[in-house]
Amino acid sequence: MNILIVEDEPKLAQLLADYLSQAGFESHIIADGQQALDYLNAKRTSDLPDLMILDLMLPNLDGMEICKAVRQFSHLPIIMATAKVEEIDRLLGLELGADDYICKPYSPKEVVARVKTILRRVQWQAVQKQDFQAEQSALAALSGLTLEPSQLKAVLQGHTLELTSVEFQLLELMASQPGRIFNRQQLMDKCYQDHRVVSDRTIDSHIKKLRKRIKDKCPEQELIHSVYGVGYKFEVLAD
Ligand code: CA
């Protein structure tokens, strides 16, 4: 992991670099704003650092401008350092896209802790995204179904299914594990996270509507199957 330190106080920059090195990170120090942006521009297509600690007040180009410019081409995690605590509110309001803000004087230890937290979050998000994409493409290959949870949108073999939020969640849950039988309680827990008490019949009626919507668009594909006495499952039956 490589950390870029953009800081024009040499002693502070070196102190940070030492702490980061103790924590197992490599770092590179740049003391000038314009040089920092030139450096990042040169690396934008190949090897950007894994994170940048960016001072606000810098010679030639300030941290705000650097942050804005970098956000045009990268999600590189940025921790911005300012000398005034009041500045942080103003910077937040400007929505520059920095991942975190710290106020000087800071303890290098605290900065290292924040660096670790942000890098862990970024890695976790990347894994989540990969898992989701892998799951989605497996599902699409299997059944011709794609799900877009952010829009509650389901498309089956090119046909958009008009689903209510409950129907979408039921489909999403069952499709996440094709072949697995879900009982009514499990389906209810997914759809009513406020622990509302709903009857088995409510779930049955949602499922019935969901199956009808699928059938209306793709009569030959029966994706939701009832398993007598137990519950339901999502399965693509071979022709
Ligand atoms: Ca400075």
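In which sense do strands E1 and E2 pair, and over how many bridges? In this predicted model, E1 and strand E2 (residues 26-30) run parallel to each other, and 5 bridges connect them. Two of the residue pairings can be followed individually. Asn-2 has Glu-26 as its bridge partner in E2, and Leu-4 has His-28 as its bridge partner in E2. Between the two strands the chain passes through helix H1, and the resulting β-α-β crossover from E1 to E2 is right-handed.

Strand E1 also pairs with E3. The two strands run parallel and are joined by 4 bridges. Leu-4 takes part here as well, since its bridge partner in E3 is Met-52. With regard to solvent, 4 of the 5 residues of E1 are buried, and the strand is therefore largely enclosed by the rest of the structure.

The region that follows E1 leads to the metal site. Which residues supply the protein donors of the calcium ion? They are Asp-8 and Asp-55, each through OD, and Met-57, through O; these donors lie 2.1 to 2.4 Å from the ion. Along the sequence, the spacing of the donor residues is D-x46-D-x1-M. Asp-8 is located in the loop between strand E1 (2-6) and helix H1 (10-22), whereas Asp-55 belongs to strand E3 (residues 51-55), so the pair ties together parts that lie 47 residues apart in sequence.

Are these two aspartates buried or exposed? Asp-8 has a relative accessibility of 31% and counts as partly exposed. Asp-55, at 5% relative accessibility, counts as buried, because the limit for that class is under 20%.

Further along the chain, another sheet can be traced. It is an open sheet of 3 strands in the order E9-E11-E10, with antiparallel pairing. Strand E9 (181-183) and strand E10 (224-227) form its edges, each pairing on one side only. From one strand to the next, the twist averages 35°. E9 and strand E11 (residues 231-234) run antiparallel and are joined by 3 bridges; within this part of the sheet, Ile-181 stands opposite Lys-233 in E11. A helix accompanies this sheet: H8 (residues 200-217) lies across E10 and E11, and its direction makes an angle of about 145° with E10.

The cysteines remain to be considered. How many disulfides does a search of the whole structure find? The search finds 0. A disulfide is a covalent bond between the sulfur atoms of two cysteines. For Cys-103, the closest cysteine sulfur is that of Cys-67, at 17 Å; a bond is ruled out because this separation is too far. As for their surroundings, Cys-103 is partly exposed, with a relative accessible area of 25%, while Cys-218 is buried, with a relative accessible area of 2%.

Note on methods: Residues are numbered from 1 along each chain as its sequence is written. This is a predicted model: local features need pLDDT of at least 70, side-chain atom pairs count only at pLDDT 80 or more; totals for chains, interfaces and linings use all residues. Side-chain values use heavy atoms; hydrogens and water are left out. Donors are N, O and S atoms within 2.8 Å of the metal (3.2 Å for Na, K and Ca); water is not among the atoms, so sites may look incomplete. Buried means under 20% relative accessible area, exposed over 50%, partly exposed in between (1.4 Å probe, protein chains only). Two strands pair if DSSP finds at least two bridges between them. A crossover is right-handed if, with the strands pointing away from the viewer, the path from the first strand over the helix to the second runs clockwise. Axes are lines fitted to C-alpha atoms, for helices over the stretch in contact, and angles run from 0 to 180 degrees between N-to-C directions. Contact means heavy atoms within 4.5 Å. A disulfide is a pair of cysteine sulfur atoms within 2.5 Å.
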